[in-house]
Amino acid sequence: MRSVNNAVNRLNPVTLAYIYANLLGWQIARGHHFGSSSRVCSCQNSPGATPCPAPGAHPRADPTPLAASEIQRDFTQYPGAVVGNCSLFDAVTMPYNVAMALMVELDRGNPPVPCLVTSQRSATVLVAPSTAVRQQLTALDQRISVLTGPAHWIALPPSPDVRWDTPPWLGSFTAVPLRDGSTLLPALREALNHSTPTPSRASDGTVPGQLLPGGDPADRRGAGGSPIRAASAADRAV
């Protein structure tokens with residue numbers, strides 16, 4: 001599966017943006033980008049900008065969806081992350097190790113669940129719109145977040161440090177039907193039981209950094225789940 005999905009993640013921004021827009025029907029926009037000679041995010045160009053949480057791979061303040069006819073021009077002439085609107089899916093983000101344990105369970109069923117990874121620190125699974133938010137998944141663990149609806153956008157591959165673990169289409173470029181968010185519950189509870197205990201909040205309401213999605217957790221699939229998952233997912237991915 002690794003070599004197969006590496007090929008997917010090596011596709012250029014224009015090709016992937018066309019797939020998102022035309023095959024999946026997602027609204028796509030250009031996000032922020034790195035400087036031409038540095039890894040400083042373009043959002044830092046504004047006076048008084050706050051530290052960037054996802055350099056080079058996050059939406060602008062007011063993303064403008066691109067028409068299909070604009071994709072070639074915009075992603076060729078102007079740099080920027082590829083960001084997708086959450087109107088046609090719910091994006092459930094969690095620590096990487098929790099997500100990999102979750103995906104081992106989910107891969108035993110059909111259809112496959114799209115999953116994207118950010119620097120092996122966090123991962124996001126996509127389910128049918130408005131179905132994850134109704135499950136109150138964030139109540140299971142404060143490290144889980146859910147984005148849903150047209151007001152929210154997420155960075156998509158090939159944005160910097162973002163790659164598909166399981167793409168939202170099959171080998172024949174057939175869109176994968178998104179599962180209901182309720183199907184995550186049993187597997188997510190099991191994954192959380194085998195992951196880092198839920199951290200306590202500090203007095204200012206924040207969570208200790210080492211236990212956030214950026215805390216570089218271990219790859220659970222590499223520690224036992226990987227061979228099972230590779231055999232099943234490789235048959236379905238591009």
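A crossing of two helices is right-handed if the near helix is turned clockwise from the far one by less than a right angle, and left-handed if anticlockwise. Keep that at hand for the exercises. The model used here is predicted.

**Exercise 1. Describe how helix H4 packs on helix H5.**

Step 1. Locate the helices. H4 covers residues 96-106 and H5 covers residues 185-193.

Step 2. Take the geometry. The angle is about 135°, and the axes lie 8 Å apart.

Step 3. Classify the angle. Roughly antiparallel needs an angle over 145 degrees, and roughly perpendicular runs from 65 to 115. H4 is therefore oblique to H5.

Step 4. Give the hand. H4 passes H5 in a right-handed crossing.

Step 5. Name the residues. H4 brings Val98, Ala101, Leu102, Glu105 and Leu106 to the contact. H5 brings Ala187, Leu188, Ala191 and Leu192.

Step 6. Sort them. In this contact of H4 with H5, 8 residues are nonpolar, none is polar and 1 is charged. Glu counts as charged.

**Exercise 2. Do the same for helices H2 and H3.**

Step 1. Locate the helices. H2 spans residues 13-23, and H3 spans 68-77.

Step 2. Take the geometry. H2 and H3 pack at about 155°, with 9 Å between their axes.

Step 3. Classify the angle. The cut-off for roughly antiparallel is over 145 degrees. So H2 is roughly antiparallel to H3.

Step 4. Give the hand. The crossing of H2 and H3 is right-handed.

Step 5. Name the residues. From H2 come Pro13, Val14, Ala17, Tyr18, Ala21 and Asn22. From H3 come Ala68, Ile71, Gln72, Phe75 and Thr76.

Step 6. Sort them. The contact of H2 with H3 holds 8 nonpolar residues, 3 polar ones and no charged ones.

**Exercise 3. Place arginine 60 in the structure.**

Step 1. Find its element. Arginine 60 sits in the loop between strand E1 (28-30) and helix H3 (68-77).

Step 2. Judge its exposure. Buried means under 20% relative accessible area, and exposed means over 50%. Arginine 60 has 30%, so it counts as partly exposed.

Step 3. Compare sequence with space. Arginine 60 and tryptophan 153 are 93 residues apart in sequence. Their C-alpha atoms are 9.3 Å apart.

**Exercise 4. Where is confidence in the protein highest, and where is it lowest?**

Step 1. Start with the whole. The mean pLDDT is 78, and 77% of the residues reach 70 or more.

Step 2. Find the extremes. Strand E4 (residues 122-127) is highest, at 96. Helix H6 (residues 226-233) is lowest, at a mean of 37.

Step 3. Mark the weak stretch. Over residues 198-238, pLDDT stays under 50. For this stretch the model has 80 contacts beyond four places in sequence.

Methods
Residues numbered from 1 in each chain as written. Predicted model: local features only at pLDDT ≥ 70, side-chain atom pairs only at ≥ 80, totals over all residues. Heavy atoms only, no water. Helix = DSSP H or I, 4+ residues; strand = E, 2+ residues; numbered from the N terminus. Buried < 20%, exposed > 50% of the residue type's maximum accessible area, 1.4 Å probe, protein only. pLDDT = per-residue confidence, 0-100. Contact = heavy atoms within 4.5 Å. Axes fitted to C-alpha atoms, helices over the stretch in contact; angles between N-to-C directions. Parallel < 35°, antiparallel > 145°, perpendicular 65-115°, else oblique.
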